[in-house]
Amino acid sequence: MRGTHWGAFALLVVAGASRWIVTEAHPEAEPTLSSLAVGCGWAALVSLMLLRRGPSKVSLRSSWVGVLSGAMIFAGPAVGALLRAQLDGSALTMALALTPVAAGIAAAALGVGNLDGAAGRIWPGLAAIGGLLLVVVEPNLGNARADVALLLAPVMTGVGAAVFCVRGGATTWRATSALLGGTLVFGVALTVESLAAGTRPTVSLLAIACDGLLALLSVYALQRVGATRWSAQFTLLPLLIVLEGLALAHQPLTLRWVVGIALLLLASAYLLLPSSDDVEGVRGVVPR
């Protein structure tokens, strides 16, 4: 794969890992349903403008499949807000580390790849979870709604990524339709929440800018590197955040931290390796 195809993915990981620094300085930059809905909306408009550079013919069915895949991709990491479940941050991070497994199983069900390849992605997820247990606060589990949300997070994200790559339709329309899917799911959830609470949603321009940028980078990275390697972000992001925290806090490294970081690095490296059953690679949508 040509190096230029990794640009969006690299920017996605760096921007995602830097988000917490922005929210520490500006708490209003925290993502909300309103910022996610408007952010995906402006990202979809930018993607639509970029369509003028290429062919725009696409079937209605492919467009709806793209919308569905985008709704799942964006709803997965934000499922706690959608279900109104109080999720422990470290628990959600660990759950999302299993996204490659869900993506592999979904790809096999869609006729791309095989279950052996999906099974081979279990150990990177388990290694990442083990590493996170060594470097973050132990998650607090036990709430039924939260447990359901934690189960849905990697399943929705992984299945959505596989569907996006395999059945997303014409390349020029996939990103736009996926972003519209994110806009739709967050817009509906925001409307329901506002009507139930009888209040008007508040918006933060900084949060909208951050959420829109991350959404745009996410779909374009997925389109270029494939579902498996795209899902490596869920091990790379906590790894970079841990390293950033250590650097800013000037905290000395202990054996526990070294082992945890090594496990996260190993899991990320494995997921980034070329794979014969990688969803995007098998489809041949992106030129090598």
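Is F234 buried or exposed? With a relative accessibility of 10%, F234 counts as buried, because the cut-off for that label is under 20%. Keep in mind that what you're looking at is a predicted model, and let's step back before returning to that ring.

Taken as a whole, the protein has 15 helices and 0 strands. Of its 288 residues, 48% are buried. Its contacts reach a long way along the chain: among those between residues at least 6 apart in sequence, 88% join residues at least 24 apart.

A good place to start walking is helix α1, which covers residues 7–25. Its 19 residues, at 1.5 Å a residue, should span 27 Å, and the C-alpha atoms at its ends are indeed 27 Å apart, so expectation and model agree. The helix does have a bend in it, though, of about 30 degrees at S18. As for what α1 tucks away, the buried residues are A8, F9, L12, V13, G16, A17, R19 and T23. That set packs against four other helices: α11 (205–225), α12 (227–230), α13 (233–249) and α14 (255–272).

Now for the aromatics. The structure holds 3 aromatic pairs. One of them joins W6 and F9 in an edge-to-face arrangement, with 5.7 Å from centre to centre and 80 degrees between the planes. The two partners sit in different classes of exposure: W6 is partly exposed, at a relative accessible area of 24%, whereas F9 is buried, at 4%. Another pair brings us back to F234, whose partner is W230. Here the ring centres are 5.7 Å apart and the planes stand at 85 degrees, so this pair is edge-to-face too. W230 is buried, with a relative accessible area of 1%, and F234, as we saw, is buried at 10%.

Stay in this part of the chain and look at T235, which lies in helix α13. T235 is buried, with a relative accessible area of just 1%. What does the side chain of T235 find there for its polar atom? The backbone oxygen of A232 is 2.9 Å away from it. Setting aside neighbours within four places in sequence, T235 is also in contact with A128, L264, A267, S268 and L271.

Over in helix α8 (residues 122–135) you'll find L133. Unlike T235, which is buried, L133 is partly exposed, at a relative accessible area of 37%. Beyond its neighbours within four places in sequence, L133 touches M94, P139 and R256. Take M94 as an example: 39 residues separate it from L133 in sequence, yet their C-alpha atoms are 8.6 Å apart in space.

Last, a word on the cysteines. How many disulfides does the model contain? The count comes to 0, where a pair would need its sulfur atoms within 2.5 Å. C40 is buried, with a relative accessible area of 2%, and C165 is buried as well, also at 2%.

Conventions. Residues are numbered from 1 along each chain as its sequence is written. This is a predicted model: local features need pLDDT of at least 70, side-chain atom pairs count only at pLDDT 80 or more; totals for chains, interfaces and linings use all residues. Side-chain values use heavy atoms; hydrogens and water are left out. Helices (H or I, at least four residues) and strands (E, at least two) are DSSP runs, numbered from the N terminus. Buried means under 20% relative accessible area, exposed over 50%, partly exposed in between (1.4 Å probe, protein chains only). Contact means heavy atoms within 4.5 Å. The expected span of a helix is 1.5 Å times one less than its number of residues. The bend at a residue is the angle between axes fitted to the seven residues ending there and the seven starting there. Rings of Phe, Tyr and Trp (its six-membered ring) pair if their centres lie within 6.5 Å; planes under 30 degrees apart count as stacked, over 60 as edge-to-face and the rest as tilted. A polar contact is a pair of N or O atoms within 3.5 Å; within protein, one must be able to donate a hydrogen and the other to accept it, and residues adjacent in sequence count only if both atoms are side-chain atoms.
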